[in-house]
Amino acid sequence: MARYELVKGSLALITLTNPPVNALSSAVRYGITEKIKRALGDPKVKAVVICGENERFCGGADIREFAAPMRGHSLVMLFDDIEAGEKPVIAAIEGVALGGGFELALACHYRIAHSKARLGLPEVTLGLLPAAGGTQRLPRLIGIPAALELITTGHHVSAQEALKLGMVDQITDENACKMAVEFALRAVAKPLSSRRISTLTMPCPPNLDALFEAVTMQVQKKARGVMAPLACIQAVRAAATLPYSKGMKRESELMASLFSSSQARALQYCFFAQRTAGKWTLPSGAQWSNIKPRDIRRAAVIGLGTMGRGIAVSLARVGISVIAVETEKKLLETGRQMVIGMLERDAKRRGVTASLYLLQFTLSLQDVKDVDIVIEAVFEDMSLKKRLFRDLSKVCRPSTLLYTNTSGLDVDALAGVTDRPHMVAGMHFFSPAHVMKLLEVICGPRSSSETIATAMSLGKRMGKVCVAVGNCPGFVGNRMVKTYTDQANFLLEEGATPEQVDGALEEFGFAMGVFRMSDLAGLDVGWRIRKESGLTGPDVDPKDPPHRRQGHRYSPIPDMLCEQGRMGQKTGCGWYVYEKPGGTEAKPDPLIQKLLEGYRVRYSIQPRKISSQELIERCLYVLANEGFRVLEDGIAVQPEDIDVIYLFGYGFPRHRGGPMFYANMVGLGRVLDRLEHYHHAHPDVPHLKPSQLLKKLVACGSPPIQKWKEHIKTMHSHL
Ligand SMILES: C/C=C(\C)C(=O)SCCNC(=O)CCNC(=O)[C@H](O)C(C)(C)COP(=O)(O)OP(=O)(O)OC[C@H]1O[C@@H](n2cnc3c(N)ncnc32)[C@H](O)[C@@H]1OP(=O)(O)O
């Protein structure tokens, strides 16, 4: 796991050999410890260079080993030995030096980085802190403010930034290992005392307390209830106020408090879930390795509303030429200006030139005849979309793939009106599409593997986190979110207020509660969908009373708000009231209180005080329950897919892992008990009825989430 070579007669070259990222597994730690001992003890060796195989220095500790108590050689002792040694040790950084990998580099006496390398301490994103001396050495090297920023955010920096900050001594466009060997030969003659970072005097800025206080407030605001960034601050404070050995002791104590925490487990699960979802293996056996996606150069986007604009920007900024189509001159002009503005701002932020030459705007659908793909982003109206897909069938050449950006309509019904149903699928972007990372790729029953592979590959190219899902109303994300918002509405009927529900969800970790989010997104979006599906408006069965639909409980309160023109922030009022239309400061509205009271009186509902525990359980257990149904219906392949959708598309707090992981952490038995309890109390809410899969998993002894797949395998699939 670490190779040893003697080069140029007097240099020991130690190469980490643990592909793909040379993670510091216990075998690698053992390997480096042995090789360093050998190099330091060999009189022929005058200096040491450490590098990583396959042009990657090191991706840090082996995260898979965190599932069990740490065993084997300690990184702290290894790093202390390297630093204290009497021979210069040079880190040759290619690719990445992250976490324990960068801490290894910090223990070395010199750091040479390739110009394309990235460095950082991302432990905080895994619910941990850099506990192999990172919190003590980095502030001594680059100062407290810069170290605090890097350690509390986990941001990676480029080699150029690293050089500016003083994290590395030299950068090179050539092979870093070769440069480090030459550097090492020169370093032999130089004294090492000033190169041992742990012995350096801490550069302390004035107003230390104010600095730590400001960073603490910033962290608490950004990551409410998240433990690791606060522990990072405390560790850096120890570096600022204690001698190195005592600071190390504090670092280790703080790490112990994080290591086995549920937040660390959730965050590490998220890391692997994202990679599992990205692998895209469908039950049919289709996957990256056996299906070749098409190469996409020219795309058409139909509709230049909010979604269409974001999609056009996402395509153009990765070099795909875009023909954007609108139906009216005014809409086209507004869309054109918006897209250009968005692309220009994006390019400025990234320090590149805006690729405006890739854009074409037109009122004629005929202009899309030669594109490789079309992404439809018109209104959520099935008849409109069907008309368009029929027209596209006639206009586009036979090889053009057709995608719909519908957020929940039947992809197969659209495929059915075309001359190429196997070349139709869904690409469900989230708003704003050029910002949000999630892309649900919807596999219709007739979508070919090539059509899906192309959408997944294009999404990846646009920097999206792509998840392949099956075709059902609302797909995965919106199908599940409906159960969550329904519960929130029912809770209002039963006695809660929007601010109480939102408060509980925000305390749980959501950046925004369900009602605040609804105000931001606009209440009219859901209203239009409910009208379309006959839940409200003229198509409602006249036999249904206002609070029941098809025999089940229904809350008409959101419809009542829409009928009053309360569409959310854009109209200055929704679930809350705002300072003006477009305002963002939500204030509780006495009119909503009155509306709720009136509603309860009309339907003889005795309001009751509802605990935060019930608010959370009702909203989140029902969400997971629907997730289990999504799995048993074969709409998602694995729980990781659902969690990734919720993390990247719905702001589910990452330190809770996603709705399925959260249910797993709470205990499936407990979730089942509570759902049974709530379903008993509300028998007219079918979503509260525990799903078969949940019951099956509990009956099997609640296996860990990674094993659920084995129990889902026997169920049918829509993918
Ligand atoms: C205390 C704690 C200490 C001392 C730590 O060091 S904690 C670990 C800190 N390091 C990190 O957080 C880095 C995590 N890794 C990454 O950010 C990225 O993987 C990467 C930038 C290093 C490479 O990115 P990319 O080229 O896109 O490759 P993937 O992300 O797809 O990764 C490839 C496979 O390697 C697995 N992997 C990556 N890093 C680790 C790791 N530190 N430990 C174990 N395994 C790791 C990753 O899961 C992929 O595996 P497969 O999915 O292919 O099986």
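A residue is counted as near the ligand if one of its heavy atoms lies within 4 Å of it. With that definition in place, good morning, and let me turn to the structure above, which is a predicted model.

I begin with the ligand. There are 24 residues around it, and of these R56, A61, G100, R275 and K279 come nearest. Three of those residues deserve a closer look at their side chains. For R56, an N or O atom of the side chain is 2.4 Å from an oxygen atom of the ligand. For K279, the side chain places an N or O atom 2.6 Å from a ligand oxygen atom. For R275, a polar side-chain atom lies 2.7 Å from an oxygen atom of the ligand.

R275 also leads us to the next topic, as this residue falls in helix 11, which spans residues 262-278. The axis of helix 11 comes within 9 Å of the axis of helix 24, residues 639-649, and the two cross at roughly 110°. Helix 11 is therefore roughly perpendicular to helix 24. On the helix 11 side, the contact is made by Y269, C270, A273, Q274, T276 and A277, and on the helix 24 side by P639, E640, D641, D643, V644, L647 and F648. By class, these residues divide into eight nonpolar, two polar and three charged.

A second helix pair is formed by helix 18, residues 498-508, and helix 23, residues 612-632. Their axes come within 9 Å and cross at roughly 80°, so helix 18 is roughly perpendicular to helix 23. Here Q500, V501, A504, L505 and F508 of helix 18 meet S612, L615, I616, C619 and L620 of helix 23. This contact has eight nonpolar residues, two polar ones and no charged ones.

The third pair is helix 4, residues 134-142, with helix 10, residues 244-259. Their axes are 8 Å apart and they pack at an angle of about 135°, which means that helix 4 is oblique to helix 10. G134, T135, Q136, R137 and R140 of helix 4 make the contact with Y244, G247, M248 and E251 of helix 10. By class, that is two nonpolar, four polar and three charged residues.

Let me now consider the annotated regions. An unreviewed UniProt entry carries the annotation "domain: 3-hydroxyacyl-CoA dehydrogenase NAD binding" over residues 299-471. In the model, this span is 38% helix and 23% strand, and its end C-alpha atoms are 23 Å apart. The unreviewed UniProt entry also gives "domain: 3-hydroxyacyl-CoA dehydrogenase C-terminal", covering residues 474-578 and 617-701. Residues 474-578 are 51% helix and 4% strand, with the end C-alpha atoms 30 Å apart. Residues 617-701 are 67% helix and 0% strand, with the end C-alpha atoms 22 Å apart.

Finally, some details of the backbone. Where are the cis peptide bonds that I wish to show you? One joins P19 and P20, with omega about 5°, and P20 sits in the loop between strand 2 (11-16) and helix 1 (26-41). Another runs from S431 to P432, with omega near -5°; P432 is in the loop between strand 15 (424-429) and strand 16 (438-443). I would also point to N207, which is not a glycine but has a positive phi of about 55°. N207 is located in the loop between helix 7 (176-187) and helix 8 (208-222).

Thank you for your attention.

Key
Residues numbered from 1 in each chain as written. Predicted model: local features only at pLDDT ≥ 70, side-chain atom pairs only at ≥ 80, totals over all residues. Heavy atoms only, no water. Axes fitted to C-alpha atoms, helices over the stretch in contact; angles between N-to-C directions. Parallel < 35°, antiparallel > 145°, perpendicular 65-115°, else oblique. Contact = heavy atoms within 4.5 Å. Nonpolar A, V, L, I, M, F, W, Y, C, P; charged D, E, K, R; others polar. UniProt positions renumbered as here; feature names shortened; annotations may be inferred. Polar contact = N/O pair within 3.5 Å; in protein donor to acceptor, adjacent residues only side chain to side chain.
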